Amino acid sequence: MLLAWQQSIIDAFKAERIQLIAHVADSILAPIIAALEADDAFTVVTLTREEEGVGILCGAYLGGVRGALLLQTSGFGNTINAFGSLPLPYQIPFV
C-alpha cells in the first residue's frame, strides 16, 4: 500500500500527462516504482546511470512524450554534465 505522499506523486504525474518514467533503482522509491510499473498509463525504464535518463527523456520530449526522471539525491550530481550538454543548449524543458 502506498503512503499518501507516494500516491500524490503518481497522481501528479497523471495530471501532468507524464507517460515515461526513467529511474535508477532506489529502496525509498521502490513502492512508487512498483506502482508505476503496474499502471498501464506509464512506461517505466530502469537506468544504470542517471545521465541515461536525461538523454532518454530529452528524446521522448522531442517525440512528443512527457516524462519524469526518478533518482536518489546523491545521483543528481551525476546529471550535471548531461544537463549542460543536451537540455540546456537545446532549450529542452527539464525540471
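**Core.** I looked first for the largest nonpolar core in this predicted model. Twelve residues make it up: Leu 20, Ala 22, Val 24, Leu 47, Val 54, Leu 57, Cys 58, Ala 60, Leu 69, Leu 71, Ala 82 and Ile 92. I then asked which elements supply at least two residues each. They are β1 (20-23) and α3 (50-62). The most comes from α3, which gives four residues. I also found a second, separate core. That one has eleven residues, among them Ile 10, Ile 18, Ile 33 and Phe 42. I noted the general rule beside this: in soluble globular proteins, nonpolar side chains tend to be buried together.

**Ile 92.** I picked this member of the largest core and listed its contacts. I left aside neighbours within four places in sequence. Ile 92 then touches Cys 58, Tyr 61, Leu 62 and Pro 87. Cys 58 belongs to the largest core as well.

**Fold.** I counted four helices and three strands. Read from the N terminus, their order is α-β-α-β-α-β-α. I took contacts between residues at least 6 apart in sequence, and 64% of them join residues at least 24 apart.

**Size.** I checked the radius of gyration, which is 13 Å. This agrees with a compact globule, because 95 residues would give a value near 12 Å. The C-alpha trace spans about 40 × 30 × 20 Å along its principal axes.

**Surface.** I found 34% of the 95 residues buried. The protein exposes about 5,900 Å², and carbon and sulfur atoms supply 58% of that area.

**Charge.** I counted 4 positive and 9 negative side chains. The centres of the two sets lie 8 Å apart.

Methods: Residues are numbered from 1 along each chain as its sequence is written. This is a predicted model: local features need pLDDT of at least 70, side-chain atom pairs count only at pLDDT 80 or more; totals for chains, interfaces and linings use all residues. Side-chain values use heavy atoms; hydrogens and water are left out. A nonpolar core is a set of buried Ala, Val, Leu, Ile, Met, Phe, Trp, Tyr and Cys residues joined through side-chain atoms within 4.5 Å. Buried means under 20% relative accessible area, exposed over 50%, partly exposed in between (1.4 Å probe, protein chains only). Contact means heavy atoms within 4.5 Å. The radius of gyration is taken over C-alpha atoms; the globule rule is 2.2 Å times the number of residues to the power 0.38. Accessible areas come from the Shrake-Rupley method with a 1.4 Å probe; for residues, only the protein chains shown count as cover. Lys and Arg count as positive and Asp and Glu as negative; His and the chain ends are not counted. The place of a charge is taken as NZ of Lys, CZ of Arg, CG of Asp or CD of Glu.
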